[in-house]
Amino acid sequence: MSLPKERIFEYTHPAAGWGALISVGRHLRHSRAPLSNVRALLKLNQPDGFDCPGCAWGDPEHASSFEFCENGVKAVTWETTAKRVTPRFFKRWSVTEMKTWDDYRLEDQGRLTSPMRYNPETDHYESIRWEDACQLVADRLKALDHSDQALFYTSGKACNESAWVFQLLARLYGTNNLPDCSNMCHEASGTGLSEALGTGKGSVLLEDFERAEAIFTFGQNPGTNHPRMLGTLREAADNGCQIVAFNTLKERGLERFADPQRKLEMATGGSGRVSSLYLCPALGGDMAAIRGMAKIVFERDDRDGNVLDHDFIAQHTDGLEGWRAVVEATPWAAIEAQSGLSREEITEAAEVYIRSNATICAWAMGITQHEHSVATVREIINFLLLKGNIGKPGAGTCPVRGHSNVQGDRTMGIYEKPDDAFLDALEGFYNVAMPRRHGHDTVSAIRAMRDGQCRVFVGLGGNFARATSDSHVCEAALERCDLTVHMSTRLNRSHLVTGRDALILPVIGRVEVDRRADGKSQLITVEDSMSMVHGSAGIHKPASKELRSEIAILTGIAKRLLGSDVVDWDALAGDYDRIRDHVAAVLPGFEDFNARVRQERGFWLGNPGAQREFPTETGLARFCSEPLPEAVLHQKLARREGWITLQTMRSHDQYNTTIYGYNDRYRGVEGTRQVIFISPADMVRLGVADGDWVNLIGECEDGIERRADGFRVVKYDTPTGCAAAYYPETNPLIPLDSVGIKSNTPNSKSVAIRLEKSQRLV
Ligand SMILES: Nc1nc2c(c(=O)[nH]1)N[C@H]1C(S)=C(S)[C@@H](COP(=O)(O)OP(=O)(O)OC[C@H]3O[C@@H](n4cnc5c(=O)[nH]c(N)nc54)[C@H](O)[C@@H]3O)O[C@H]1N2
Ligand SMILES: Nc1nc2c(c(=O)[nH]1)N[C@H]1C(S)=C(S)[C@@H](COP(=O)(O)OP(=O)(O)OC[C@H]3O[C@@H](n4cnc5c(=O)[nH]c(N)nc54)[C@H](O)[C@@H]3O)O[C@H]1N2
Ligand SMILES: [Mo]
């Protein structure tokens, strides 16, 4: 796409609307394969089509009503582009040359076509035969002193069947080193939910949004990241549901929204209000805000009675009194200082909660990427439990997942800390001992490579070098490896950060046909945010004849590494129904997997919470009585002159490290990603003006220089002490050890920085 001129403006229209349609047209043209793309789009999330490779939001009951989503279009056209990265391309460009390109230029080269091996002598990637590539991986893994020296990373696009084979390969080889993108994403949700309710998944179904009387959303930007959720919210709002949004930034999508599927609204410009109440807490301030709401709820129950669901609490929960004592002991001054919200604002939100008989709480990265994220998730659950809002229609927990199959991958055992029940079941079925020692998550994997303890990195999708924190530390860690392997669809930074040996293994994408030897097309499956499991089959011709499916590659490696005595790898690759037979035999809830996934909407894995069953230690839902953190980062930095808290987030034109373009339409940014959003008060405090150029400097006490240069200051409506900029450009600023308590997730929404005035970078 030709770069639009740089422009900063105020976006005054509702979200979606005409802007979305125009953007869709532009992306279709840019992909250079418009006609087939349109055909592909019509199969998106249809019973006989493929699952959208975009987000993990649930599909509607009547899948025949084509759901329009700008970001689904971008994700599909990005995969069906006519551009190709061929062996000739790699002859033309050295790795050192490509390292100077930005993320957009790298991925915009198009689809990878052939397996490639890095040659350090020439600094170029060169062709390698598939057989040799698989053999090389097997040989290097065999050469390690210990299985725990290998790392097997998964990005959340991998389908259930790939995930199953990957974890099986790793465990039969002898390690639980299965870090995944969840470690950087919803880990705190899984941890908090499991502690409190005995299961790590959300409890609501899509239908619950039709019956909710109030929906609270915390720290998420659905207009950009879950556009189909925005439609759900808008419908709920139309039906009189109260929507309370907690977001540090005023996000257009959450405020107002025009639905591209409603013609009248489009014609009239649409004014659809989404949120009834929009509160902007300071970064990391949500736990305090919820505690404030709880104070009001308790007070009102004392005064009027009947506000709390006393029967539910008595029957199904424990620990209320402990939490109540902590809530009452927390002074308003502490709540206001930490949340950045006034008592009046918090009271107004609490009133909505008190009036509602069925409330859903939804949340995403604004909650999960702070130091006290697990405690905040527990606070959200406490809040819901007060009025029995778990296990009744129209109510429950909704951690809004990111990648389209990130939840399913965990279900399939992509987890560095598997429980004994799962490992016992694997042992029972395969009749082989499974490794019991817990493995590395993403952050500890980087430490292990840095310290020379892990020497082979195998990535199933994703962009490990770019998505993780402390980019330079991570890159140096990867470079120490004997071998780095990436199964990918497109070129990215991780391919350029090579171990002594490095492989790029190109895979068939979600929208493409994956054919069996007999010519029939393979079915894969995924699980959405609501625990619905359904099938997906691509329709496009693969981008190159040489592409292999993830499963074909993994079984090719497994065969050479482990032999075929325990598992007949060729049989699994030949027909994915055989993989599903294994899953059905091992995992509860997957009985009759092959038949049930072929039903129109697939099937629901269920959630014990929906039946008010809580498989915790006590069999009850547990209140948590953790005190508020004494001070969160914005409070600590208020005492350090010149410092400010930065959140690193997504623009409208990106999918994680995949940059589709340089527009962030709803925030009024065009033609650049090098911006930092700052409040007017902070601009005065830090001595910068709108349009100034600055470098961002992070914590450097440990001797590591953390900086990101050349950002333009943009004045924005956000609380004092809180700034925002895009990820992944800002990942070099996040210290590796800055992680959440218990979740070990990088604190991507709480980054300490100061500004240094600079010149514009050319
Ligand atoms: N188009 C598109 N869709 C995507 C993705 C993408 O990159 N592009 N990524 C996918 C993935 S993997 C994920 S995990 C999800 C991510 O979905 P989101 O969680 O929506 O992603 P972020 O852009 O990180 O946005 C964080 C939001 O939380 C707010 N926020 C930040 N800190 C705080 C806080 O402390 N308190 C409160 N109340 N708000 C805060 C920010 O202002 C921002 O609106 O989206 C998925 N869908
Ligand atoms: N600072 C900061 N850092 C963050 C975040 C943040 O908010 N702030 N968010 C975190 C979150 S929530 C997440 S989920 C992670 C994301 O981390 P990852 O999942 O590792 O990164 P992605 O950018 O989604 O990976 C993109 C690459 O995946 C490959 N790919 C795409 N489709 C397929 C496919 O079908 N198969 C295979 N094999 N490969 C494919 C392509 O080559 C593409 O270049 O980033 C985390 N990092
Ligand atoms: Mo994510």
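These are my notebook entries on two ligands, one sheet and two backbone oddities in a predicted model.

**Entry: ligand 1, the shell**

I began with the residues around ligand 1. There are 30 of them, and N247, E251, D286, Q654 and N656 come nearest. I then sorted the shell by residue class. Nine residues are nonpolar, 17 are polar and four are charged.

**Entry: ligand 1, polar contacts**

Next I looked up individual contacts to oxygen atoms of ligand 1. The side chain of E251 places an N or O atom 2.6 Å from a ligand 1 oxygen. For R650, a polar side-chain atom sits 2.8 Å from an oxygen atom of ligand 1. G219 takes part through its backbone: one of its N or O atoms there is 3.3 Å from an oxygen atom of ligand 1. I also checked cover. On its own, ligand 1 has 920 Å² of accessible area, and the protein covers 99% of that.

Which elements give two or more residues to this shell? I found α11 (222-225), α20 (365-368), β22 (643-649) and β23 (654-655).

I then asked where ligand 1 lies with respect to the domains. Domain 3 (187-400) and domain 4 (633-757) each contribute shell residues, so ligand 1 lies between them.

**Entry: ligand 2**

I repeated the search for ligand 2. Its surroundings comprise 32 residues, and the closest are E107, Y153, S155, T657 and N731. By class, the shell has eleven nonpolar, 15 polar and six charged residues.

I looked at three contacts here too. E107 has a polar side-chain atom 2.5 Å from an oxygen atom of ligand 2. The other two involve ligand nitrogen. An N or O atom in the side chain of E550 is 2.8 Å from a nitrogen atom of ligand 2. For T489, the side-chain N or O atom is 3.2 Å from a nitrogen atom of ligand 2. The protein covers 96% of the 940 Å² of accessible area that ligand 2 has on its own.

Between which domains does ligand 2 lie? Domain 2 (130-180 + 405-591) and domain 4 (633-757) both give residues to its shell, so ligand 2 lies between these two. I note that domain 4 serves ligand 1 as well, there with domain 3.

**Entry: the annotated stretch**

I checked the record for residues 645-729. An unreviewed UniProt entry annotates them as "domain: Molybdopterin dinucleotide-binding". In the model, this stretch is 8% helix and 41% strand. Its end C-alpha atoms are 16 Å apart.

**Entry: an open sheet**

I followed one open sheet of three strands. The order is β18-β19-β20, with antiparallel pairing. Which strands stand at the edges? They are β18 (524-527) and β20 (603-604). Each has a single partner strand, so one side of each is left without a neighbour in the sheet. I also looked at how β19 (residues 532-536) meets β20: the two pair in the antiparallel sense over two bridges. At the residue level, M532 has W604 in β20 as its bridge partner.

**Entry: backbone oddities**

Last, I looked at two backbone geometries. Most residues other than glycine have a negative phi, and most peptide bonds are trans.

The peptide bond from Y727 to P728 is cis, with omega near 5°. I located P728 in the loop between β29 (722-726) and β30 (751-757).

N306 is not a glycine, yet its phi is positive, at about 60°. I placed N306 in the loop that runs between α15 (286-304) and α16 (310-316).

Methods
Residues are numbered from 1 along each chain as its sequence is written. Chains are lettered from A and ligands numbered from 1 in the order in which they are written. This is a predicted model: local features need pLDDT of at least 70, side-chain atom pairs count only at pLDDT 80 or more; totals for chains, interfaces and linings use all residues. Side-chain values use heavy atoms; hydrogens and water are left out. A residue is near a molecule or strand if one of its heavy atoms lies within 4 Å of it. A polar contact is a pair of N or O atoms within 3.5 Å; within protein, one must be able to donate a hydrogen and the other to accept it, and residues adjacent in sequence count only if both atoms are side-chain atoms. Accessible areas come from the Shrake-Rupley method with a 1.4 Å probe; for residues, only the protein chains shown count as cover. Helices (H or I, at least four residues) and strands (E, at least two) are DSSP runs, numbered from the N terminus. Ala, Val, Leu, Ile, Met, Phe, Trp, Tyr, Cys and Pro count as nonpolar, Asp, Glu, Lys and Arg as charged, and the others, Gly among them, as polar. Domain bounds come from an automatic or database domain assignment. UniProt positions are given in the numbering used here, feature names are shortened, and annotations may be inferred rather than shown by experiment. Two strands pair if DSSP finds at least two bridges between them.
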